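This briefing walks through a metal site and the helices around it, grouped by topic for reading alongside the structure.

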Amino acid sequence: MVRKILKYGEPVLETKAEPVTEFDTAELRELIADMWETMYAAKGVGLAAPQIGTSKRISVIDISVGEDEKQKIVIINPEITFSEGKQSGEEGCLSIPGFREPVSRANKVKVRAQNEKGEIIELDGEELLARAFQHEIDHLNGILFINHLSALKRDIIRRKIKKLQKAGEWD
Ligand code: NI
């Protein structure tokens, strides 16, 4: 089921999400299926559970945006165990639509997480995939890409969003 993607301003987006402790359940499978449907409907490359209002440490990523089944990644309770290098590139977020800004990120990361069955998985990401891992893991810690911008840039975006909220164009 396609779920509503919550927008910046919803407290759950800036709350540290809870670890998943029960695996291989119908509830978890359904949540992840909803996350995929919602992400593809919005044409995103990643989505974190808090973005649909569930404060759990789960993210889905597909940098092929549905073109290649093998690139679908589900990470549960993920941690970045190693990062290296730097990259800068435009970043956006389905919860902050209409805004894109350059964000500096590590160029390579290693991630340790669990899969839907609770098994430990280790993944490597470079460039766009590394960026997606960092962005989606940030979400689980209540951090949005605008938190990586200068205070000045962040305030400009916040003010624009406040105007959109007042105009009823941000919900
Ligand atoms: Ni995002």
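In this predicted model, the 14 residues of H2 should span 20 Å at 1.5 Å a residue, and the end C-alpha atoms of H2 are 20 Å apart, which agrees. H2 is mostly covered, with 12 of its 14 residues buried. The points below take up H2, then the nickel ion, and lastly H3.

**Helix H2 and arginine 131**

- The buried residues of H2 are Leu129, Ala130, Arg131, Ala132, Phe133, Gln134, His135, Glu136, Ile137, Asp138, His139 and Leu140, a list that includes charged side chains such as Arg131 as well as the nickel donors His135 and His139.
- Arginine 131, which is found in helix H2, has a relative accessible area of 6% and therefore counts as buried, the cut-off being under 20%.
- The side chain of arginine 131 reaches the backbone oxygen of valine 103 at 3.0 Å, and, leaving aside residues up to four places away in sequence, arginine 131 touches Gln87, Ser88, Gly89, Glu90, Glu91, Val103 and Arg105.
- Just after H2, glycine 142 takes a positive phi of about 75°.

**The nickel site**

- The nickel ion has as its protein donors Cys93 through SG, His135 through NE2 and His139 through NE2, which lie 2.1 to 2.3 Å from the ion.
- Along the sequence, these donor residues follow the spacing C-x41-H-x3-H.
- Cysteine 93 lies in the loop between strand S4 (87-91) and strand S5 (101-105), whereas histidine 139 belongs to helix H2 (residues 127-140), so this pair ties together parts that are 46 residues apart in sequence.
- Both of these donors are buried, cysteine 93 at 9% relative accessibility and histidine 139 with a relative accessible area of 1%.

**Helix H3**

- For the 16 residues of helix H3 (residues 151-166), a span of 22 Å is expected at 1.5 Å a residue, and the end C-alpha atoms of H3 are 22 Å apart, which agrees.
- Arg154, Ile157 and Ile161 are buried in H3, and they cover an arc of only 65° around the axis, which puts them on the same side of H3.
- An α-helix has 3.6 residues a turn, so residues three or four places apart point the same way.
- The buried residues of H3 pack against S5, while on the other side of H3 the residues Leu152, Arg159, Lys162, Lys163 and Lys166 are exposed.
- Just after H3, glycine 168 takes a positive phi of about 75°.

Methods: Residues are numbered from 1 along each chain as its sequence is written. This is a predicted model: local features need pLDDT of at least 70, side-chain atom pairs count only at pLDDT 80 or more; totals for chains, interfaces and linings use all residues. Side-chain values use heavy atoms; hydrogens and water are left out. Donors are N, O and S atoms within 2.8 Å of the metal (3.2 Å for Na, K and Ca); water is not among the atoms, so sites may look incomplete. Helices (H or I, at least four residues) and strands (E, at least two) are DSSP runs, numbered from the N terminus. Buried means under 20% relative accessible area, exposed over 50%, partly exposed in between (1.4 Å probe, protein chains only). The expected span of a helix is 1.5 Å times one less than its number of residues. The arc is that of the directions from the helix axis to the C-beta atoms. Contact means heavy atoms within 4.5 Å. A polar contact is a pair of N or O atoms within 3.5 Å; within protein, one must be able to donate a hydrogen and the other to accept it, and residues adjacent in sequence count only if both atoms are side-chain atoms.
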